[in-house]
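User: I would like a close look at one part of this model, taken in its surroundings. Please keep the answer connected.

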Amino acid sequence: MQTTVNVSGMTCGHCVLSVTEELTELEGVESVDVDLVAGGVSPVVVTSTRELSEDEIKEAVEEAGYTVA
């Protein structure tokens with residue numbers, strides 16, 4: 001199952017790692033693919049074995065220090 005969210009505030013590879021780390025801690029997440037748009041809105045595709053709620057994803061992204069656009 002794939003879920004795509006747009007994340008704003010990421011500017012570099014470290015940002016990508018932070019968001020990826022937080023999202024992969026969610027139960028059932030198998031992979032996270034970030035298409036970094038430095039200083040803009042970056043699409044993030046989360047592949048998981050279960051449906052993830054919007055709130056779960058938002059909380060993980062915010063924990064990394066960024067916002068869901």
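In what sense do strands E1 and E4 pair, and over how many bridges? Please describe E1 closely, then follow its contacts outward into the rest of the chain.

Analyst: The model is a predicted one. E1 and E4 pair in the antiparallel sense, over two bridges. E1 covers residues 2-8, and E4 covers residues 67-68. Within this pairing, valine 7 of E1 stands opposite valine 68 of E4.

E1 also pairs with E3, strand residues 41-48, again in the antiparallel sense, and here there are seven bridges. Two of the opposed pairs can be named. Glutamine 2 stands opposite threonine 47, and serine 8 has valine 41 as its bridge partner.

These pairings belong to an open sheet of four strands, in the order E2-E3-E1-E4, with antiparallel pairing. E2 and E4 are the edge strands, each pairing on one side only. Helix H1 packs on the sheet, where it touches E2 and E3, and its direction makes about 160 degrees with that of E2. As a general point, the strands of a sheet pair through backbone hydrogen bonds, in either a parallel or an antiparallel arrangement.

The side chains of E1 alternate along the strand. Thr3, Val5 and Val7 point to one face and are buried. Gln2, Thr4, Asn6 and Ser8 point to the other face and are not buried.

From the buried face, Val7 leads into the interior. Val7 is among the residues with the most contacts inside the largest nonpolar core, a group that also includes Met10, Val19, Leu23, Val44, Val61 and Tyr66. The core has 19 residues. At least two of them come from each of E1, H1 (13-24), E2 (29-34), E3 and helix H2 (54-63). H1 gives the most, with four residues. In soluble globular proteins, nonpolar side chains tend to be buried together.

Valine 44 shows how E1 meets its surroundings. Neighbours within four places in sequence aside, valine 44 is in contact with Thr3, Thr4, Val5 and Val7, and also with Met10, Leu23, Val32, Asp33 and Val34.

Serine 18, in helix H1, touches Tyr66, one of the core residues with the most contacts. Serine 18 also touches Ala64, residues up to four places away in sequence not being counted. Why does serine 18 count as buried? Serine 18 is buried because its relative accessible area is 18%, and the cut-off for buried is under 20%.

On the other side of E1 in the sheet order lies E4, and threonine 67 is found in that strand. Threonine 67 counts as partly exposed, at 41% relative accessibility. Leaving aside neighbours within four places in sequence, threonine 67 is in contact with Asn6, Val7 and Ser8, and also with Val61. With one of these residues, serine 8, the contact includes a polar one of 2.7 Å between the two side chains. Threonine 67 and valine 29 are 38 residues apart in sequence, and their C-alpha atoms are 19 Å apart in space.

Past the end of E1 come two cysteines, cysteine 12 and cysteine 15, and the count of disulfides is zero. The sulfur of cysteine 15 is 3.5 Å from the closest cysteine sulfur, that of cysteine 12, and so is too far away for a bond; the cut-off for a disulfide is within 2.5 Å. The two cysteines also have these accessibilities: cysteine 12 is partly exposed, with a relative accessible area of 33%, whereas cysteine 15 is buried, with 6%.

Helix H2, one of the elements that supply the core, also holds glutamate 56. Glutamate 56 is partly exposed, with a relative accessible area of 22%. Residues up to four places away in sequence aside, glutamate 56 touches Leu26, Arg50 and Glu51. The side chain of glutamate 56 makes a polar contact of 2.5 Å with the side chain of arginine 50. Glutamate 56 is 13 residues from proline 43 in sequence and 17 Å from it in space, C-alpha to C-alpha.

To return to E1: the strand pairs with E3 over seven bridges and with E4 over two, and its buried face holds Thr3, Val5 and Val7.

Methods
Residues numbered from 1 in each chain as written. Predicted model: local features only at pLDDT ≥ 70, side-chain atom pairs only at ≥ 80, totals over all residues. Heavy atoms only, no water. Buried < 20%, exposed > 50% of the residue type's maximum accessible area, 1.4 Å probe, protein only. Pairing = 2+ DSSP bridges. Core = buried A, V, L, I, M, F, W, Y, C linked by side-chain atoms within 4.5 Å. Contact = heavy atoms within 4.5 Å. Axes fitted to C-alpha atoms, helices over the stretch in contact; angles between N-to-C directions. Polar contact = N/O pair within 3.5 Å; in protein donor to acceptor, adjacent residues only side chain to side chain.
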